[in-house]
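The exercises below are to be worked with the sequence and the model side by side. Each task is followed by a solution in steps.

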Amino acid sequence: MSSIVFLDEASLDFGDLDMRGLHLPGLSYVKYPGTRPEQVLERLQGATVAIVNKVVLTADTIQALPDLKLILVSATGTNNVDLQAAQARGIPVCNCQGYGTPAVAQHTLMLMLVLATRFTWYQADIAEGRWQKSSTFCLADYPMGELAGKTLGIIGYGELGQAVAHLAKAFGMKVLVAARPGTEATDGRIELDALLPQVDFLTLHCPLTDATRNLIDARRLGLMKTRAMLVNTARGGIVNEQDLHQAVKHGIIAAAATDVLSVEPPREGNILLDEPLDNLIVTPHNAWATVESRQRMVTQLKENLRGWHQGQLVRRVV
């Protein structure tokens with residue numbers, strides 16, 4: 001039976017979204033919370049449309065599905081789909097774009113504020129009863145700072161980087177934008193090695209590519225101020241995790257926060273988790289996952305589906 005099959009719907013809908021509308025005339029809608037690699041081929045037999053978030057569609061799988069006519073990715077990244085195999089079969093692949101900009105931008109500022117105010121340190125003190133036993137009306141044992149007047153460096157100045165810049169300026173920050181790796185500094189952008197010594201905060205919003213893998217390593221961390229703080233809500237592999245841990249541990253930079261790791265979930269461990277530090281914050285790649293953000297993704301999936309049905313593809317990757 002012809003169908004639309006969502007192989008890992010639970011990665012998008014946590015039971016709080018309106019999923020109505022993911023259908024077309026003559027096609028049934030089948031959903032699975034998650035799908036293991038060995039289940040993919042069986043579950044997509046006879047499917048006209050496949051929807052995936054992180055489930056991998058290999059070349060062999062795509063070639064073994066003669067009825068497949070469309071692949072929708074409920075994410076921006078499409079590295080889980082063999083795009084060459086899809087193109088060879090004439091199967092369009094459409095993704096979702098820009099859905100998480102407000103969510104990730106506010107998460108980025110939240111991490112900056114948490115680092116600047118030593119929020120987690122003071123919360124730990126309260127949990128341990130230190131404020132309750134204090135001889136003064138407040139606790140101010142850890143140095144706190146303001147965002148106002150500080151310089152923010154941004155790597156990756158697309159829609160998300162610009163949204164972060166907008167919020168940062170509302171806090172009174174000066175914003176500097178790094179030139180793309182491997183390109184000349186133009187349009188007011190600054191070559192990365194020249195930018196790093198100037199910033200009080202550094203935030204990353206670029207994709208993970210061959211040019212950006214390990215972009216922030218021991219050498220570049222060493223170019224930053226010792227009071228500087230780093231925030232990564234982009235991709236884990238952009239920052240060398242071992243180098244970051246050492247930089248934070250030994251005071252090369254003051255603090256760091258990351259929403260992403262090089263391997264997710266970190267089932268085999270990760271240096272940033274295995275040896276926790278007070279001035280290092282890790283959140284579980286959930287910056288994007290507000291209700292509003294995920295509902296926008298559902299809307300885009302519906303638009304992509306209807307666009308294909310009407311012969312007007314939108315957000316087409318291949």
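**Exercise 1. Locate Arg118 and state what its phi angle is.**

Step 1. Arg118 sits in the loop that links H4 and H5. Helices (H or I, at least four residues) and strands (E, at least two) are DSSP runs, numbered from the N terminus.
Step 2. Arg118 is not a glycine, yet its phi is positive, about 55°.
Step 3. Before going on, note the basis: this is a predicted model, in which local features need pLDDT of at least 70 and side-chain atom pairs count only at pLDDT 80 or more, while totals for chains, interfaces and linings use all residues. Residues are numbered from 1 along each chain as its sequence is written, and side-chain values use heavy atoms, with hydrogens and water left out.

**Exercise 2. Find the cavities of 30 Å³ or more and describe the lining of each.**

Step 1. Fix the terms. A cavity is a set of points, on a 1 Å grid over the protein atoms alone, where a 1.4 Å probe fits but cannot get out; lining residues have an atom within 4 Å of a point. Grid points are joined across faces, edges and corners, and a volume is the space filled by probe spheres set on the points.
Step 2. The structure has two cavities of 30 Å³ or more. The largest has a volume of about 50 Å³, and the second largest about 40 Å³.
Step 3. Arg118 is one of the residues lining the largest cavity, together with Val114, Leu115, Thr120, Trp121, Ala255, Asp278, Asn279 and Ile281. Helix H4 (101-117) and helix H5 (119-127) each contribute at least two residues to this lining.
Step 4. Sort that lining by class: five residues are nonpolar, two polar and two charged. Here Ala, Val, Leu, Ile, Met, Phe, Trp, Tyr, Cys and Pro count as nonpolar, Asp, Glu, Lys and Arg as charged, and the others, Gly among them, as polar.
Step 5. Around the second largest cavity are Asn232, Gly236, Val239, Glu241, Leu244, Thr258, Val260, Leu261 and Leu272. This lining divides into five nonpolar, three polar and one charged.

**Exercise 3. Give the strand order of the sheet of six strands and name the helix that lies across S9, S10 and S11.**

Step 1. The sheet is open, with parallel pairing and the order S7-S6-S8-S9-S10-S11. Two strands pair if DSSP finds at least two bridges between them.
Step 2. Strand S7 (174-177) and strand S11 (280-282) are the edges, each pairing on one side only.
Step 3. On average, neighbouring strands of this sheet are turned by 15° against each other, direction ignored. Axes are lines fitted to C-alpha atoms, for helices over the stretch in contact, and angles run from 0 to 180 degrees between N-to-C directions.
Step 4. Four bridges join S6 (residues 151-155) to S8 (residues 201-204) in the parallel sense. Ile154 is opposite Thr203 of S8.
Step 5. Helix H9 (residues 241-249) lies across strand S9 (229-232), strand S10 (255-258) and S11, at about 145° to S10. Contact means heavy atoms within 4.5 Å.

**Exercise 4. Repeat the analysis for the sheet of five strands.**

Step 1. This open sheet is ordered S2-S1-S3-S4-S5 and its pairing is parallel.
Step 2. Its edges are strand S2 (28-31) and strand S5 (93-94), which pair on one side only.
Step 3. S1 (residues 3-6) and S3 (residues 47-52) form a parallel pair over four bridges, and Phe6 has Ile51 in S3 as its bridge partner.
Step 4. Helix H11 (residues 291-309) packs on the sheet and touches S1, S3, strand S4 (70-73) and S5, with its direction at about 165° to that of S4.

**Exercise 5. Which two residues does a cis peptide bond join?**

Step 1. The bond joins Glu264 and Pro265, with omega about -10°.
Step 2. Pro265 belongs to the loop between S10 and helix H10 (271-274).

Definitions and conventions: 1 Å grid on protein atoms, 1.4 Å probe; cavity = no way out; pocket = protein on both sides within 12 Å on 5 of 7 lines; lining within 4 Å.
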